[in-house]
Number of protein chains: 2
Amino acid sequence: MKEISKEERELIENEVKVLGDEIRALKADKADPNIVKEKLAKMLEKKALLGENGKGKESSKFVLKTPKGTRDYNPQAMSIREKVLNLVTDIFKIHGAETIDTPVFELRDILMGKYGEEGGKLVFDLADQGGELCSLRYDLTVPFARYLAQNKQTNIKRYQIAKVYRRDQPYMTKGRYREFYQCDFDIAGQYDSMIPESECIKIIDDVLKKLDIGTYEIRINHRLFLEGIFEICGAPENEFKNVCSSIDKLDKQPWEEIKEELVKTKFINEDVVDKLEKYVRLREQNPSFTKNDLLEWFEKNEECSKNEKIKTAINEMKLMFEYNECFGVSPSAVFEPSLARGLDYYTGVIYEAIILENSFPTIAVKCDDEEGNARIGSVAAGGRYDKLVGMFLNAASGEKKAKSKNDVPCVGVSFGIERLFTLMEMKYMALKTPMRTNETQVFIATAQKGLLKERMRICKDLWENNIKAEMIYKNNPKLLTQLQYCEDKFIPYAVIVGQREIEQGVVKVRNVVTREENDVKFEQLPDTLKKLLI
Amino acid sequence: MKEISKEERELIENEVKVLGDEIRALKADKADPNIVKEKLAKMLEKKALLGENGKGKESSKFVLKTPKGTRDYNPQAMSIREKVLNLVTDIFKIHGAETIDTPVFELRDILMGKYGEEGGKLVFDLADQGGELCSLRYDLTVPFARYLAQNKQTNIKRYQIAKVYRRDQPYMTKGRYREFYQCDFDIAGQYDSMIPESECIKIIDDVLKKLDIGTYEIRINHRLFLEGIFEICGAPENEFKNVCSSIDKLDKQPWEEIKEELVKTKFINEDVVDKLEKYVRLREQNPSFTKNDLLEWFEKNEECSKNEKIKTAINEMKLMFEYNECFGVSPSAVFEPSLARGLDYYTGVIYEAIILENSFPTIAVKCDDEEGNARIGSVAAGGRYDKLVGMFLNAASGEKKAKSKNDVPCVGVSFGIERLFTLMEMKYMALKTPMRTNETQVFIATAQKGLLKERMRICKDLWENNIKAEMIYKNNPKLLTQLQYCEDKFIPYAVIVGQREIEQGVVKVRNVVTREENDVKFEQLPDTLKKLLI
């Protein structure tokens, strides 16, 4: 542990005190437990710097916490997670997808240079303990491309649900962690134009519709469209990514700020920026325009209609929207000329889904967030990336120049499943939905001493009949404790075993909610319960 | 990359050549693909040392592979994995378990000192990139104990299925990897003697029975029994773990070798070793003894019956076997006086399950294994650990001495699920079971050009009815290609769309196996398929 000076120590001690006061106040106010947890995590971090924990004066080697930016999932959280993942997986399966899994870490060379300058800094490395240099995966797309290249596989429709790692600044209340789940669906293969793209949009639409967490918008754009706009505005080609990353913020920041950034920080000619504005703000400035109005506008615009890239992009998007119609995609899919996305590897259509308004009353969330608002950000994003697999094949075979024969066209979508978990948690909290954390159907209880083995034998009979059953691991439990457990866990039935009943060859079956009780013969118990449990 | 000398280079080049020849020979012999894969992985590793890959002369920065000791799961492997995990999870749920999840890495201090000297060396560390020092989890038990201590939780019945990491020498053909799944079930809480233990044994028995991969044995022993035997043999207390790790090999090595190791390498007095032999080999030397015979032998033995530790251990095991009977545990559960297990934290009953004989014809496996055999080793193991949670609580509160008020009694079992996957893969291969990698029920095909949008609309209708459907992403596909795909993927039905049929408002529904075809009206298609798919 690093030594800290006396002044630093006092400063940190004071911060711990302030945090402690805040936590007490939040608890008194019955604030959102997630906020309390976050404050607590911060306090523990500070305490760790002091090398102490808890009330004791004695210094301790470690603090009981998870690493920064990570979390445990308790049974309640897991229960929500399972619901969300099952819903998403079912939709992937309805579309005929297979699944694969790849290791949590990859050879470092595989990840290098795939995530731009910013992304590269956020990769978690494994320590060099002899042997290969490895890093934790940053997303599931690059490992998927490595998998295809390594196995010389040229087509697959697959999903993958797994954790990825980014050394980013965490904002737990917004669902932003350093370890988080991603949930990807991708179609690889040489197929006809826009058909796989529209299936990806369909899947985003279906997932968000079924989750029922709020109104949403699937914003769609095309890399070639942005490149074309760049050309006709006379923007410097080598500043493409740099400018795009500013424009991409248009849904969060006013244009004036973006313009200032472009002119003053990124040194883009003001005339160019003004020209760009006209195109990228077209939707924002014409809220009544439908996506077809927008597309037509660009088709009819003199400058745009002459640019080959824009023409290709507009034609592809038009075709995709036609296909979307056939697939029954909702009107939430829109054309957004300012959407740019950060990643380097996209080559065609790109898209992003955001939640506009929650379907449930939101608890006010105070965020320590530089943006100063509680927006949950994008919940799904993706696009076409035709060159990534080829990059691996070229590099592995030592090609100096990219060979397009190595390309495996891909298009996919990645769900920000962690944010979807957070929204679902908020929904359940808001609606006060009772949460089951196990699936027990029957609890075997007793009011008397010495009936342990009888309870065990009944459990055995029920388990053999695939009835989910449990009992308390005590010789002489109190009946009240047992019934209380049933109510706490929302277990629908209790079987009550007593001496009198055993002599008569029966047990009592109790409906936990109505408290109605009936005697049932031993040998009829499994069948009776099965009927009750349908 | 490290520079290598010319001599080293030649040596490695030769090894690569030899491996290449071996692989060709194995392929010609149609050997087990897993062995070929392993050889291939070795060759690629060697090639990586040379800084080259593939046939090209040009040097390349990276090799297309997963890190040493890790693997991808392709859709076939995932399909088996899903079957095994669903079966195991269902059994956990039948017993009323909840589930939790913890991060893939923990603060390094949490893991330190929990896995003995050997285990400690095998922990994967994250690089120090500023901030906390972290390591990848080595098992799920220590994170579980940390979770309980951190949340001050004193009772839970939970399972957790997740990947763990060990920098061990991998033997892929035996299912031993550096990244592998563990599948743990644990009961924490202050309960009456041996009740939770027998539920753990019941779960092992149920899982192995339902997986149906072969005959098995659940070997049971008790830490106090081993400690008692140590006492009466006059073995040095501080050599307990050291001696136990030798004795534990009795199922793999003859006693003579173990004795030699104990006397010559570990400097245990020969008289002591001879005394130990009498007790730990009792079952081996009396194969006709039932578990009750063995327990009785120790109860009646003069020396043993006077030792308090042995008495406690024997009484507890007797009680557990009685409870096992009530739970209907099979006779595969046995008392094995030589079972010792490696880990430090066990305090009571310990157990381990091994596969004795596969239920399917085994393909001969040649292993580069120092043990020289293809034994799959233990597939489940566990025991009681009453002090681990308390250790965390004591340390975190800065206690110098262990306080037993902090103890949270725990007992659990961890399934070697990776080995179970390997066994299941072998079983499927041996039985030539057809493997479905997706769940598609209906394929929408066409024999004619220009019917893309009609196929899309039919897909939409079926998806809306929760029927798993797909189509090819081509405008003008060949009918044969489409039907071939159905057969390859074991898709039961194809819907064939044609111009004539569209005019009549019908489609053809084809049974892929029988090739029988029937016209079905558009509006009746979902209902007709639902009936066929029951």
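**Aromatic pairs and chain symmetry in a predicted two-chain model**

In this predicted model, A:Tyr346 counts as buried at 9% relative accessibility, where buried means under 20% relative accessible area, exposed over 50% and partly exposed in between (1.4 Å probe, protein chains only). A:Tyr345 is likewise buried, with a relative accessible area of 8%. Local features need pLDDT of at least 70 and side-chain atom pairs count only at pLDDT 80 or more, whereas totals for chains, interfaces and linings use all residues. Side-chain values use heavy atoms, with hydrogens and water left out, residues are numbered from 1 along each chain as its sequence is written, and chains are lettered from A and ligands numbered from 1 in the order in which they are written.

Rings of Phe, Tyr and Trp (its six-membered ring) were paired if their centres lie within 6.5 Å, with planes under 30 degrees apart counted as stacked, over 60 as edge-to-face and the rest as tilted; by this rule there are 42 aromatic pairs over all chains. The rings of A:Trp297 and A:Phe298 have centres 5.0 Å apart and planes at 75°, so this pair is edge-to-face. The rings of A:Tyr345 and A:Tyr346, with centres 5.3 Å apart and planes at 65°, are therefore also edge-to-face. A:Phe298 is buried, at a relative accessible area of 1%, while A:Trp297 is partly exposed at 25%. Ring pairs link A:Trp297 and A:Phe298 with A:Phe225, A:Tyr279 and A:Phe335 into a cluster.

Chain B is superposed on chain A (least squares on the C-alpha atoms of residues with pLDDT of at least 70 in both) by a rotation of 180° with 0.0 Å of shift along its axis, at an RMSD of 0.1 Å. That is the relation of a two-fold axis.
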